[in-house]
Amino acid sequence: MANKNAKRTKDVRASIDRDAEYELGAAVKMVKDAATAKFDETIEIAMSLNVDPRHADQMVRGVVQLPNGTGKTVRIAVFAKDAKADEAREAGADLVGAEDLAEKIQAGEMDFDRCIATPDMMAVVGRLGKVLGPRGLMPNPKLGTVTPDVAGAIAAQKGGQVEFRVEKAGVIHAGVGKASFAEDALQANVSAFVNAVLRAKPSGAKGTYVKKVAVSSTMGPGVKID
């Protein structure tokens with residue numbers, strides 16, 4: 001049986017033309033068929049954009065709510081006090097605190113994937129910029145992670161909200177689901193992500209904004225989308 005699976009995977013991979021561009025449905029099917037690892041592989045998207053993020057007017061970043069979630073368990077840290085701290089715990093935050101949480105983070109305890117803060121906590125959070133910033137964890141009002149509505153922010157983050165930010169080479173990477181998702185669920189997630197990046201087109205972008213879009217699984221080959 002293992003040999004059969006290996007042969008099938010090999011056949012699927014051999015059938016993918018790395019230079020061709022495929023319609024979204026066909027691309028998703030190929031990527032799903034090629035995802036045969038023993039774990040539930042993440043389906044990833046890579047978008048190559050015609051921007052230079054070193055220029056402020058060519059920076060691309062934002063958030064998107066994937067209609068079918070990411071399939072990933074997200075651990076959330078919340079900076080809040082008193083009633084807002086209780087609200088965060090009730091909403092399912094994994095870590096909640098104020099100065100005590102800041103001390104843990106300074107000491108290298110970073111067991112979380114997202115960080116949310118109430119506006120009154122930003123004086124404390126601001127001191128963690130050098131630790132949280134490089135990891136993309138710094139709370140930001142534009143991304144909805146500095147907010148008095150901590151319960152709403154936690155629900156969004158746990159329910160499939162994905163942040164995106166263009167890297168130096170003009171590429172955006174993100175996970176848009178799992179190989180176990182149905183094809184139509186993955187297609188909807190990919191479409192939502194691409195549309196969010198299109199809406200985030202910066203004022204300084206000239207010419208063709210999106211150069212290339214490809215999807216892949218953790219261990220599988222990339223498939224270009226038309």
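Ala, Val, Leu, Ile, Met, Phe, Trp, Tyr, Cys and Pro count here as nonpolar, Asp, Glu, Lys and Arg as charged, and the others, Gly among them, as polar. By that scheme, the lining of the largest pocket holds eleven nonpolar, 13 polar and ten charged residues. The model is predicted. Its strands include an open sheet of five and an open sheet of three. The points below take the sheets, the helices, the pocket, an aromatic pair and one lysine in turn.

**The five-stranded sheet**

- The strand order is S1-S10-S9-S2-S8, and the pairing is mixed.
- Strand S1 (21-22) lies at one edge and strand S8 (171-178) at the other, each pairing on one side only.
- Strand S2 covers residues 42-49 and strand S9 covers residues 210-217. Seven bridges join S2 and S9, in the antiparallel sense.
- Several residue pairs can be picked out between S2 and S9. Ile-43 is opposite Ser-217. Glu-44 is opposite Ser-216. Ile-45 has Val-215 as its bridge partner.
- Val-215 also has a bridge partner in S10, namely Val-223.
- In a regular strand, side chains alternate between the two faces of the sheet.
- S2 also pairs with S8, again in the antiparallel sense, over six bridges. Here Thr-42 stands opposite Lys-178 of S8.
- S9 and S10 run antiparallel and are joined by two bridges. They form a hairpin, with five residues between the strands.

**Helices on this sheet**

- Helix H2 (residues 24-34) packs on the five-stranded sheet. The strands that H2 touches are S1, S2, S9 and strand S10 (223-225). The direction of H2 makes about 165 degrees with that of S10.
- Helix H8 (residues 183-199) lies across S2, S8, S9 and S10. H8 runs at about 155 degrees to S8.

**The three-stranded sheet**

- This open sheet has the order S5-S4-S6, with parallel pairing.
- Its edge strands are strand S5 (95-97) and S6, and each pairs on one side only.
- Neighbouring strands are turned by 15 degrees against each other on average, direction ignored.
- Strand S4 (residues 76-79) runs parallel to S6, and four bridges join the two. Ala-77 has Cys-115 in S6 as its bridge partner.

**The largest pocket**

- The volume of the largest pocket is about 740 Å³.
- The lining comprises 34 residues. Closest to the pocket's centre are Arg-114, Val-162, Glu-163, Phe-164 and His-173.
- Which elements give two or more residues to the lining? They are strand S3 (61-65), strand S6 (114-117), helix H7 (150-158), strand S7 (161-165) and S8.
- S8 gives the largest share of the lining, with six residues. S8 is also an edge strand of the five-stranded sheet.
- S6 contributes to the lining too, and S6 is an edge strand of the three-stranded sheet.

**An aromatic pair**

- A pair of aromatic rings is described by the distance of the centres and the angle of the planes.
- The count comes to one aromatic pair. Phe-164 and Phe-193 form this pair, with 5.6 Å centre to centre and 65 degrees between the planes.
- Why is the pair edge-to-face? Planes over 60 degrees apart count as edge-to-face, and the planes of these two rings are 65 degrees apart.
- The pair links distant parts of the chain, 29 residues apart. Phe-164 lies in strand S7 and Phe-193 in helix H8.
- Phe-164 also features in the pocket, among the residues closest to its centre.

**Lys-224 and its surroundings**

- Lys-224 is a residue of strand S10.
- Lys-224 and Asp-17 are 207 residues apart in sequence. In space they are 8.9 Å apart, C-alpha to C-alpha.
- Which residues does Lys-224 contact, leaving aside its neighbours within four places in sequence? They are Arg-18, Asp-19, Ala-20, Glu-21, Tyr-22, Lys-212, Val-213 and Ala-214.

Note on methods: Residues numbered from 1 in each chain as written. Predicted model: local features only at pLDDT ≥ 70, side-chain atom pairs only at ≥ 80, totals over all residues. Heavy atoms only, no water. Pairing = 2+ DSSP bridges. Contact = heavy atoms within 4.5 Å. Axes fitted to C-alpha atoms, helices over the stretch in contact; angles between N-to-C directions. 1 Å grid on protein atoms, 1.4 Å probe; cavity = no way out; pocket = protein on both sides within 12 Å on 5 of 7 lines; lining within 4 Å. Points joined across faces, edges and corners; volume = space filled by probe spheres on them. Phe/Tyr/Trp six-rings, centres within 6.5 Å; stacked < 30°, edge-to-face > 60°.
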